[in-house]
Amino acid sequence: MSKTILLTGATGFLGSHLLEMLVKEGNNVIILKRSFSNISRIRHLLGDVKYYDIDKVELKTPFAENEIDMVIHTATSYGRKNEKISEIVETNLMLPLKLLELCTFFNTDTFFNTDTILPKNLNYYVLSKKQFLEYGKRISDECKLRFINMKLEHMYGPKDDNTKFIPYIIEKMLKNEKEINLTKGEQKRDFIYVEDVANAYATILSKINSFDKKFYDIEVGTGNPVKIKDLVMLIKNLCNSNIKLNFGAIPYRKNEIMNSDANPEFLRNLGWFPKFSLDEGLRKTISYYQKHLVKNDE
């Protein structure tokens, strides 16, 4: 049965893949964007959705004009583009908090929050995400609201922002740059392909009627962490690159996490398993950037 779903962050990396999936499955999707948002990832889908420019209408308008069954919140500020701390907090804490309040007022029964598995002491991005999570737990406990917290591992795939690690490495290799300075690369990360993440949301949506608790904390990853060094070497081989890799040229960042991996047991019990191996996911990602770079260079 199709649902009316309000999706934030639809113009972004994960949001665009989720939008594709939600539309394909026949849901009535409403998206929030800004009038000046870059819609290149979702332009082909705008005729299939209803959208509101939140710089032109009040945030409550979509709720007042539609009977929204659930909100899927993916809008995120990572702080990688010199955003002020207040701007990071506005996107990662204040916006979803306002949406939660509207959910309780308009009787929207489910809120999906897109969280990270990283610890809050790493940076302002993670701190703001964890602060919102505390509010989400409390509000869901006090109100008639199901709060589903999706704790994502290191997601990658086509259409990602080139400020992220994997697109950054791929682009340098495809452009035949001479060298890349890196840390020693002993950190382990659980790399998960974006379509597998979207399918995790889809799996939960298909089983949502069996979710009888108010709060769920769900880890989304493969459960098989890989060393950064091994990942970079694999990308180098797949790109057939001769680039020099200077491992150890950059020190580890403060509060560096040396091992990060998910426990996807909850999702497995629902029947979800990642479909893409790291090798296959990287091949698809590299193919996308090969085409993307060619278009940009023409």
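I began with the largest nonpolar core, a set of buried Ala, Val, Leu, Ile, Met, Phe, Trp, Tyr and Cys residues joined through side-chain atoms within 4.5 Å, and found that it has 41 residues, with L19, F112, M150, Y201 and I204 making the most contacts inside it. Buried here means under 20% relative accessible area with a 1.4 Å probe, protein chains only. I then looked up which elements give two or more residues to this core, and they include β1 (4-8), α1 (13-24), β6 (146-152) and α6; helices are DSSP runs of H or I of at least four residues and strands are E runs of at least two, numbered from the N terminus. Helix α6 gives the most, with 8 residues.

The model is predicted, so I kept in mind that local features need pLDDT of at least 70 and side-chain atom pairs pLDDT 80 or more, while totals for chains, interfaces and linings use all residues. Residues are numbered from 1 along each chain as its sequence is written, and side-chain values use heavy atoms, without hydrogens and water.

Next I checked Y201, which touches L14, L18, M21, I72, F112, T114, M150 and L152, not counting residues up to four places away in sequence; contact means heavy atoms within 4.5 Å.

I also looked at D196, found in helix α6 (residues 194-206). Leaving aside neighbours within four places in sequence, D196 is in contact with W272, F273, P274, K275 and F276, and its side chain reaches the backbone nitrogen of F276 at 3.2 Å.

Terms used. Polar contact = N/O pair within 3.5 Å; in protein donor to acceptor, adjacent residues only side chain to side chain. Buried < 20%, exposed > 50% of the residue type's maximum accessible area, 1.4 Å probe, protein only.
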